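Reader: I have a model open on my screen and would like to walk through it with you before I go back to the bench. Could you show it here, so that we are looking at the same thing?

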Amino acid sequence: MEPLEHNAHKINNKQMESEAEKLDRPIDREEFNKEIMNIKEGLPGEDNVRICYIKHCEESTKQNVFEYIKKMSETHPEEWNTFTQSGFVIPLFKKGARDV
């Protein structure tokens with residue numbers, strides 16, 4: 001019988017491999033939805049976009065945000081600066097009448 005510590009080490013290695021596999025695969029919409037809903041509200045970033053704007057926006061807007069994030073995840077970090085300056089605009093409702 002193997003010592004308990006040895007078995008715990010095997011489990012941790014399997015968990016780490018599983019997490020590494022998740023990081024290597026492309027993001028899918030289900031994962032995006034889950035992770036967006038798990039983000040806690042905090043101060044907005046440089047663009048003044050709060051996470052609640054994304055959590056509660058129209059599905060078509062969420063799809064645009066998802067596609068943007070997916071494209072970034074498929075792009076090498078050295079290219080992000082050029083990519084983010086491409087003028088990709090996602091309209092987000094902040095307040096006021098939605099029928100404008």
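Reader: Let me start with lysine 62: where is its place?
Author: In this predicted model, lysine 62 sits in helix α4, which covers residues 59-73.

Reader: Is lysine 62 buried or exposed?
Author: Lysine 62 is buried, because its relative accessible area is 13% and the cut-off for buried is under 20%.

Reader: And what is lysine 62 in contact with, leaving aside its neighbours within four places in sequence?
Author: With those neighbours left out, lysine 62 is in contact with Arg29, Phe32, Ile54, Lys55 and Cys57. Two of these partners, Arg29 and Phe32, are buried residues of α2, and another, Ile54, belongs to helix α3.

Reader: Staying with α4, which of its residues are buried?
Author: The buried residues of α4 are Thr61, Lys62, Val65, Phe66, Tyr68 and Met72. Looking down the axis of α4, one finds these buried residues within an arc of 160°, so they line one face of the helix.

Reader: How does the reach of α4 compare with what is expected at 1.5 Å a residue?
Author: Helix α4 has 15 residues and spans 21 Å from its first C-alpha to its last, which is close to the 21 Å expected at that rise.

Reader: Now α2, please: which residues are buried there?
Author: Arg29, Phe32 and Ile36 are buried in α2. Viewed down the axis of α2, the buried residues fall within an arc of 55°, so they line one face of that helix.

Reader: Why would residues with that kind of spacing end up pointing the same way?
Author: As a general matter, an α-helix has 3.6 residues a turn, so residues three or four places apart point the same way.

Reader: What do the buried residues of α2 pack against, and which exposed residues are on the face turned away?
Author: The buried residues of α2 pack against α3, residues 51-55, and α4, while the face turned away from the buried side carries the exposed residues Glu30 and Lys34.

Reader: You mentioned isoleucine 54; is it buried or exposed, and how far is it from isoleucine 36?
Author: Isoleucine 54, in helix α3, counts as buried at 13% relative accessibility. Isoleucine 54 and isoleucine 36 are 18 residues apart in sequence, and their C-alpha atoms are 7.8 Å apart in space.

Reader: Changing topic, what lines the second largest pocket?
Author: The lining of the second largest pocket consists of Glu19, Lys22, Leu23, Arg25, Asp28, Glu30, Glu31, Lys34 and Glu35. By class, that lining has one nonpolar residue, no polar residues and eight charged ones. Glu30 and Lys34 thus appear again, as lining residues here and as exposed residues of α2.

Reader: How much space lies in that pocket, and which helix gives the most to its lining?
Author: About 190 Å³ of space lies in the second largest pocket. Both α1, residues 4-24, and α2, residues 29-38, supply at least two lining residues each, and α2 gives the most, with four residues.

Reader: What about aspartate 24, is it buried or exposed?
Author: Aspartate 24, which lies in helix α1, is exposed, with a relative accessible area of 68%. Although aspartate 24 and serine 73 are 49 residues apart in sequence, their C-alpha atoms are 10.0 Å apart in space.

Reader: And proline 44, where is its place, and what is it in contact with beyond its neighbours within four places?
Author: Proline 44 is in the loop between α2 and α3, and it counts as partly exposed at 26% relative accessibility. Beyond those neighbours, proline 44 is in contact with Val49 and Arg50.

Reader: Finally, the whole chain: how many helices and strands are there, and what share of the residues is buried?
Author: The chain has five helices and zero strands, and buried residues make up 16% of its 100 residues. Among contacts with a separation of 6 or more, 53% are between residues 24 or more positions apart.

Methods. Residues numbered from 1 in each chain as written. Predicted model: local features only at pLDDT ≥ 70, side-chain atom pairs only at ≥ 80, totals over all residues. Heavy atoms only, no water. 1 Å grid on protein atoms, 1.4 Å probe; cavity = no way out; pocket = protein on both sides within 12 Å on 5 of 7 lines; lining within 4 Å. Points joined across faces, edges and corners; volume = space filled by probe spheres on them. Nonpolar A, V, L, I, M, F, W, Y, C, P; charged D, E, K, R; others polar. Buried < 20%, exposed > 50% of the residue type's maximum accessible area, 1.4 Å probe, protein only. Contact = heavy atoms within 4.5 Å. Arc of directions from axis to C-beta. Expected span 1.5 Å × (residues − 1).
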